[in-house]
Amino acid sequence: MPHQFPRRALALLPLLLLAACAQAPAENLPTAAPQAAAQTTVEEPLASFADWRRALRSEAIAAGIDAALFDRVFAGVTPDPAVLKADSSQPEFTRPVWEYLDGAVSSSRIGRGRVLLAQHSLVLQRIEQQYGVEAPILVAIWGLESNFGNNIGSHSVIRSLATLAYDGRRQGFWRVQLLAALQILQNGDITSDRMIGSWAGAMGQTQFMPTTYNQHAVDFDGDGKRDLWGSSTDALASAAHYLQASGWQRGQPWGFEVSLPGGFDYSLADPEQRRSLAEWAELGVRPLAPTGAAANARASLQLPAGHRGPAFLLLDNFRSILKYNNSTSYALAIGLLADNLLRPSEVKGQWPRGERQLGRSERVELQELLTNAGFDPGPADGIIGANTRKAIRALQLQLNWPADGYPTTELLQQLRAR
Ligand code: CA
């Protein structure tokens, strides 16, 4: 499950473009993550944890946190080495998008989701009436975030956030989250011993970061507490409230699979190329099934595995899901799972399962070689963001290859041979 990464905060703080989701392919990771990591490795000697905690205590009290609450919550808290280790890991290999989807949209998760959709139908109807977000999307988020409440993490949120704010990368970000967590405790929504989450402080059945919790969590079962740990009703309504704030449009699809005409210009498959569905239809881009979407709705075309894999048109609601978790693979999984909760719906295009994904060091090498060859892929950080995609496209056009901007071993070999 993608609990290891702080995601709810992505929409709030642009400087914290954090690595999205553990299982997401590296191609989809936000561009800023490694640079941010590199910049925060400062030479200053680390204060002792006791000194650090003293300074934090003053700051917390100035921010309105009760001193007695702070002392009670921090009694016996020490840095957690396992959390630091998780924060600093940079895996060489990440799963390809099709493998991620196999796990995220498995038949067992679909089956469980359908049962829960029926069981919770009354409360989901009330949530949809209040926030305008359809039940299948909420159940899909619940399924991916915590396996429907069965996997909410087991780390003490205060200890994890204290560790990261004291000695992690992006300490300023973690400090803000830690103060927000103290605020939640002071509000009485949860006690500190029950405030558990991922190693990175994502909490409850919807895996909200503390700042997102403070802004978007709601008490929907009416017991006076916003309880994302113990109340699936509060969790589902809070996810709806957050999606509503992220611009969710009721009745619009998130997107759908399409077919492309022969000789299609693959450079149009880019998040920056947004067109109305009518314009896409004129270009020969055809939905594989009736969509119910308005012809003037705008969409971008995405080829998650390059031109050899399936193609999708993604509407505004897809961008709302990305605000929840900034990973294309994650948002695709939510959309496909939600579709499957209503009726069986398989991706028809073939994933290039035989194609080997580039590892992190190969992606760095690809970027270095692109730079040497006179292209401008941005810093060699191993992350295929907008600049690297553009550079790959420019090279593909030069080679007269399909310009899908997708990194392959073929392309790396081409560059090595120069
Ligand atoms: Ca409640």
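On a 1 Å grid laid over the protein atoms alone, a pocket is an open set of points with protein on both sides within 12 Å along at least five of seven lines, and its lining residues have an atom within 4 Å of a point. Grid points are joined across faces, edges and corners, and the volume is the space filled by probe spheres set on the points. This is a predicted model, in which local features need pLDDT of at least 70 and side-chain atom pairs count only at pLDDT 80 or more, while totals for chains, interfaces and linings use all residues. Residues are numbered from 1 along each chain as its sequence is written, and side-chain values use heavy atoms, with hydrogens and water left out.

On that footing, the second largest pocket comes out at about 680 Å³. Its lining takes in 26 residues, and W254, G255, D339, R343 and S345 are the ones nearest the centre. Two or more lining residues each come from helix 8 (135-146), strand 3 (255-259) and helix 15 (328-342); helices (H or I, at least four residues) and strands (E, at least two) are DSSP runs numbered from the N terminus. Helix 15 gives the largest share, with 4 residues. By character, the lining of this pocket splits into 15 nonpolar, 5 polar and 6 charged residues, where Ala, Val, Leu, Ile, Met, Phe, Trp, Tyr, Cys and Pro are nonpolar, Asp, Glu, Lys and Arg are charged, and the others, Gly among them, are polar.

Next comes the metal site. The calcium ion is held by side-chain oxygens (OD) of D219, D221, D223 and D234, the last listed twice, plus the O atom of K225, at 2.2 to 3.1 Å. Donors here are N, O and S atoms within 2.8 Å of the metal (3.2 Å for Na, K and Ca), and since water is not among the atoms, sites may look incomplete. The angles among the 6 donor atoms run from 46 to 161 degrees, and the site is irregular. Along the chain, the donor residues follow the spacing D-x1-D-x1-D-x1-K-x8-D. Within this set, D221 sits in the loop between helix 11 (210-216) and helix 12, D234 sits in helix 12, and the two are 13 residues apart. D221 is partly exposed, at 37% relative accessible area, whereas D234 is buried at 0%; buried means under 20%, exposed over 50%, and partly exposed in between (1.4 Å probe, protein chains only).

Helix 12 (residues 232-245) also carries S238. S238 counts as buried because its relative accessibility is 0%. Beyond residues up to four places away in sequence, S238 touches F208, H216, A217, V218 and L228, with contact meaning heavy atoms within 4.5 Å.

Two residues other than glycine stand out for their backbone. Q207 shows a positive phi of about 55 degrees and lies in the loop between strand 2 (196-197) and helix 11, buried at 0% relative accessibility. N400 also has a positive phi, near 65 degrees, and belongs to the loop between helix 17 (386-399) and helix 18 (409-416). N400 is exposed, at 71%.

Helix 17 also contains Q396, which is buried at 4% relative accessibility. Leaving out neighbours within four places in sequence, Q396 is in contact with W401, P402, A403, D404, G405, Y406 and L411. From Q396 to Y406, 10 residues along the chain, the C-alpha separation is 9.5 Å.

Terms used. On a 1 Å grid over the protein atoms alone, a cavity is a set of points where a 1.4 Å probe fits but cannot get out, and a pocket is an open set with protein on both sides within 12 Å along at least five of seven lines; lining residues have an atom within 4 Å of a point. Four donors count as tetrahedral if all angles lie between 85 and 135 degrees; four count as square planar and six as octahedral if opposite donors are over 155 degrees apart and all others between 65 and 115; anything else is irregular.
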